[in-house]
Amino acid sequence: MSFVLSGKETASAIFENLRPRADAVTAAGHVPTLAVVRMGEKKSDLAYERGIRKHADMAGCSVVTDAFPQDVREDDLVSRIRELNEDETVDGILIFQPLPKQLDSHRVIEAVSAGKDVDGATDASRLFVYTGHGSGFAPCTAQSVIEILDYYGVALQGKHAVIVGRSMVVGKPLANLFLARNATVTVCHSKTENLASITRTADILVSATGHIGTLGGEHVSRDQYVLDVGINFGPDGKMTGDVLYDEVAPHVRALTPVPGGVGSVTTAVLFKHVVESAEARV
């Protein structure tokens, strides 16, 4: 049976490291603060916000919320985001997505300044991840994969990392994060032929497709580290990942569970970015 790469343990270690850093910033007269921008009262958004506030206490950070109605005018929303950019008490801005249909998502997201884009959603942040120039942060989920591998001491230099999924949120930025660590990277997707023949060659295998059963026993080989980014819900309503866990687990060195894996680290990474932004201000 493989070793479990625990996202919960990784997140706990991140928070343990963050708290004294946040306390030092606070002692200097500035509390690291995240501004949440939410439209409407969706249950999932409210639950997410409660989780953020709970983890903020662990990180030694503060959270403020700008709650707008679902039918908010785009100009009003953009104006408020620009005010938050100029607010020296705010270190990070997180806009809950997906946005209401009447809004131009690109315009709204791009209103966030790169230095406060702690979710890595703007074009400026993507440029930073892809080129190393400018300023910004990596998307939290992509960064979470790296954090887990670092926590467990998995060397990336010279290793073959295969990513299944090419989204702008995970696949593409993660490929660049691996390249920055001198890994050799292959990105696969829905049009890739003979997928299993490629995934079996990986030292580190990541699935980020959002489809149950993307990776099964035929896709893996011994000594692999498998990281499952997918969050899906089966017919029974239970959360599951992209990877068929019971099929894959006996045949690889280590893998992340769902739940309790990559998703457990994303909020810790969010607050790591908030603290880093705050440190740059004091």
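**Exercise 1. Find the residues in the largest nonpolar core that touch the most other members, then follow one of them outward.**

Step 1. Start with the term: a nonpolar core is a set of buried Ala, Val, Leu, Ile, Met, Phe, Trp, Tyr and Cys residues joined through side-chain atoms within 4.5 Å. Buried means under 20% relative accessible area, exposed means over 50%, and partly exposed is in between (1.4 Å probe, protein chains only).

Step 2. Now look at the largest core, which has 50 residues. Those touching the most other members are Leu 34, Val 145, Leu 174, Phe 178, Ile 204, Val 206 and Phe 271.

Step 3. Pick Val 145 and skip its neighbours within four places in sequence. You're left with contacts (heavy atoms within 4.5 Å) to Leu 174, Phe 178, Val 206, Leu 227, Val 229 and Val 262.

Step 4. Another core, of 19 residues, lies apart from this one, and Phe 68, Val 78, Ile 95 and Val 112 are among its members.

A quick note on what you're looking at: this is a predicted model, where local features need pLDDT of at least 70 and side-chain atom pairs count only at pLDDT 80 or more, while totals for chains, interfaces and linings use all residues. Residues are numbered from 1 along each chain as its sequence is written, and side-chain values use heavy atoms, with hydrogens and water left out.

**Exercise 2. Work out the strand order of the open sheet of 3 strands, and say what packs on it.**

Step 1. Helices (H or I, at least four residues) and strands (E, at least two) are DSSP runs, numbered from the N terminus. The protein has 10 helices and 11 strands.

Step 2. Two strands pair if DSSP finds at least two bridges between them. Here the order comes out as S3-S2-S4, with parallel pairing.

Step 3. Check the edges: S3 (62-68) and S4 (92-95) each pair on one side only. Neighbouring strands in this sheet are turned by 20° against each other on average, direction ignored.

Step 4. Zoom in on S2 (residues 33-39), which runs parallel to S4 and is joined to it by 4 bridges. Ala 35, for instance, has Ile 93 in S4 as its bridge partner.

Step 5. Add helix H2 (residues 43-59), which packs on the sheet and touches S2, S3 and S4. Its direction makes about 160° with that of S3; axes are lines fitted to C-alpha atoms, for helices over the stretch in contact, and angles run from 0 to 180 degrees between N-to-C directions.

**Exercise 3. Track down the cis peptide bonds at Pro 98 and Pro 259, and the positive phi values at Asn 182 and Asp 223.**

Step 1. Know the background: most residues other than glycine have a negative phi, and most peptide bonds are trans.

Step 2. The bond from Gln 97 to Pro 98 is cis, with omega near 5°. Pro 98 sits in the loop between S4 and helix H4 (105-110).

Step 3. Val 258 and Pro 259 are also joined by a cis bond, with omega about 0°. Look for Pro 259 in the loop between S11 (254-255) and H10 (266-279).

Step 4. Asn 182 has a phi near 65° and lies in the loop between H7 (171-180) and S6 (184-188). Its relative accessibility is 48%, so Asn 182 counts as partly exposed.

Step 5. Asp 223 has a phi of about 75°, in the loop between S7 (204-207) and S8 (225-228). Asp 223 is partly exposed because its relative accessible area is 47%.
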